[in-house]
Amino acid sequence: NPYANDPERHPALLVNQETPFNAESPPSLMMDHYLTPNDIFFVRNHMPVPDVDASKHRVKIEGLGVTKPLVLTVDDIKSGEFEEVSVTTVIQCGGNRRADMNRFKKVQGLMWEGTAIGNAKWTGIRLRDVLLKAGVDPSDTRIKHVHFEGADHDASGACYGGSVPFEKAMSPETVIAYQMNGQPIPRDHGYPLRLIAPGILGARQVKWLVTVRPSDVESPAHWQQKDYKVFPSSVQIGDPLDFSTVHSINEYPVQSAICVPAPNTKVERSDGEVDLAGYAWSGGGRGIVRVEVSTDGGQTWQCAELEQDPDQDVHHMWGWTLWRATVPIPEGKESFQVVCKATDRAYNTQPETPGALWNVRGLLNTAWHRINIQVIE
Ligand code: MTE
Ligand code: MO
C-alpha cells in the first residue's frame, strides 16, 4: 500500500477521497482565523505523500539560461545566503466550489464544496534570488516559463509538476518556502520545501519541491497539459477532450463564499437577524474592494465588513479577505436564500450563476455563492 506512510490528519477535515488524500477545511473553524491553521488547511494530493528525509533532500536548478546549475540542500536554502522573506497568501484549488457547478449541471472531478482554499503565511527565500545565483539573466527573452517538479510520483515513476510564467518566477512574492505559519511545512503541505507563487492556481504551488527548470515552453507535466484547463461550455461529458487547444489556468478569477452559517441552518424568527461570515479573494494580487450580500436574490445588496492583511496593498494583495455581515430575516417566509459576491481591484465581479461558467471539468466556479436558511416561527 503506497499510502501506508501518509501522515495522520486532523479529524475535523472533511474528507473527499482517502487515497490519494483529499480533504477540505471545516468552514466554521476556518472562519475563526485569518491565517488558516496548518492542521485544518485543505489537502489536495494526487499521489502518496513522499517520505522525505530533509537532510538528504535536494533542489536542482537546471535548464534554459542556467549558466551555473545548482544543487541546494535545505540547509543551503536556510543558510542566510539568500534573504529570508515571508508572504501571506491564499492557495485555492481550481476545483473549489465544483459541487455547486455540478448541482447546476453535472461535471467531472472531485466534488469540492467551498473550502478547498486556505490562507497561510509562508516563509522561505525568493525564487528570483536562486535563479539569479544560477546565472539566469532576467532579460533573457528565450525563457518564458519555469518548471517545477515534486518528489511525489505515480506507480510509473512520473512525478508531479507544473510551471509558472518566467515573470511570475522572477517576481519578489514567489518563494521557495520552508515554513507554513511559523512551523516547518507539514508533510501533507510539502515538507521540507514548497514553491509558493501567490495569486495563481493552487496546482502550481508545487509541494516537496525537487526541480526548478527555466524553459521556453510550459511544463510537460500532466497537471499542466492535461488537467486544470477550462473547456468551452459547448464541450460536454463524453466528448473527446483535446487539451492542446485550451490554455492552462494561471491567475485565479475573483471568488467569494459564505462559510457561516452552514447551508440549511435553522434560525428563530424572533432573532430578527442572522450573522454571516465568509471569505473573498482574487488572483494576480488584485485586492478585494467590496463584498456584498443579498437576501432577495440580488435585487438589493448590503456591503459586508472586510478584514484584510494591513501589510498588503490593493495591488499586491495575496492574502484573502474575511468578511462579516448581519442581515435581517425577511418577513413572511419559511426559508430564504443568502447570496454573496465580491469585487476586486480591477472591478471584476462574480457572475450570477454557474451557467455562465459551466465547463466539463467543473473548474473555476466563481458564481455568486448561495445558501438557504430555514426560519422557525
Ligand atoms: N504538489 C505536488 N508535488 N503534488 C500535488 O499533488 N497538488 C497541487 C498543489 N501542489 C500537488 C502539489 C494542487 S492541485 C493544489 S490545489 C495544491 O497543491 C494544494 O495544496 P495543499 O494540499 O497544501 O492545500
Ligand atoms: Mo488543485
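User: How do I read a sheet, and in what order do the strands of the five-stranded open sheet come?

Analyst: Strands of a sheet pair through backbone hydrogen bonds, either parallel or antiparallel. In this predicted model, five strands make an open sheet ordered E15-E22-E21-E17-E18, with mixed pairing. Its edge strands, E15 (266-268) and E18 (302-303), each pair on one side only. Strands (E, at least two residues) and helices (H or I, at least four) are DSSP runs numbered from the N terminus, and two strands pair if DSSP finds at least two bridges between them. Strand E17 (residues 288-294) runs antiparallel to E18, joined by two bridges; Val293 has Gln302 in E18 as its bridge partner.

A word on reading the model: residues are numbered from 1 along each chain as its sequence is written, while chains are lettered from A and ligands numbered from 1 in the order in which they are written. As this is a prediction, local features need pLDDT of at least 70 and side-chain atom pairs count only at pLDDT 80 or more, while totals for chains, interfaces and linings use all residues.

User: Which strand does E8 pair with, and in what sense?

Analyst: Strand E8 (residues 145-153) pairs with E9 in the antiparallel sense over six bridges. One pair of bridge partners is His145 and Pro165, the latter in E9. Five residues lie between the strands of this hairpin, where Gly157 takes a positive phi near 95°.

User: Why is strand E9 described as largely enclosed?

Analyst: A residue is buried if 20 or more other C-beta atoms lie within 10 Å of its own, exposed if 12 or fewer, and partly exposed in between, with C-beta atoms placed from the backbone. In E9 (residues 159-165), five of the seven residues are buried, so the rest of the structure largely encloses this strand. Strand E14 (residues 255-260) is also largely enclosed, because five of its six residues are buried. E14 runs antiparallel to E16, with five bridges between them, and Ile258 is matched with Gly278 in E16.

User: How is the chain divided into domains?

Analyst: Domain bounds come from an automatic or database domain assignment. Here, domain 1 covers 14-245 and domain 2 covers 255-376. Their contact takes 37 residues from domain 1 and 30 from domain 2; two residues are in contact if their C-beta atoms, placed from the backbone, lie within 7 Å. The centres of the two domains, taken over C-alpha atoms, are 27 Å apart.

User: What should I look for in a nonpolar core, and which residues have the most contacts inside the largest one?

Analyst: In soluble globular proteins, nonpolar side chains tend to be buried together. A nonpolar core is a set of buried Ala, Val, Leu, Ile, Met, Phe, Trp, Tyr and Cys residues joined through C-beta atoms within 7 Å. The largest one here has 96 residues, and Val130, Ile176, Ala177 and Leu209 have the most contacts inside it. Strand E16 (residues 273-281) gives the most to this core, six residues, and each of the two domains supplies at least three. Not counting residues up to four places away in sequence, Ala177 touches Trp122, Thr123, Gly124, Ile185, Leu193, Arg194 and Ile196.

User: Is Val107 buried or exposed?

Analyst: Val107 counts as buried because it has 22 C-beta neighbours inside 10 Å. Val107 sits in the loop between H3 and E7. Leaving aside neighbours within four places in sequence, its contacts include Arg98, Met101 and Val360.
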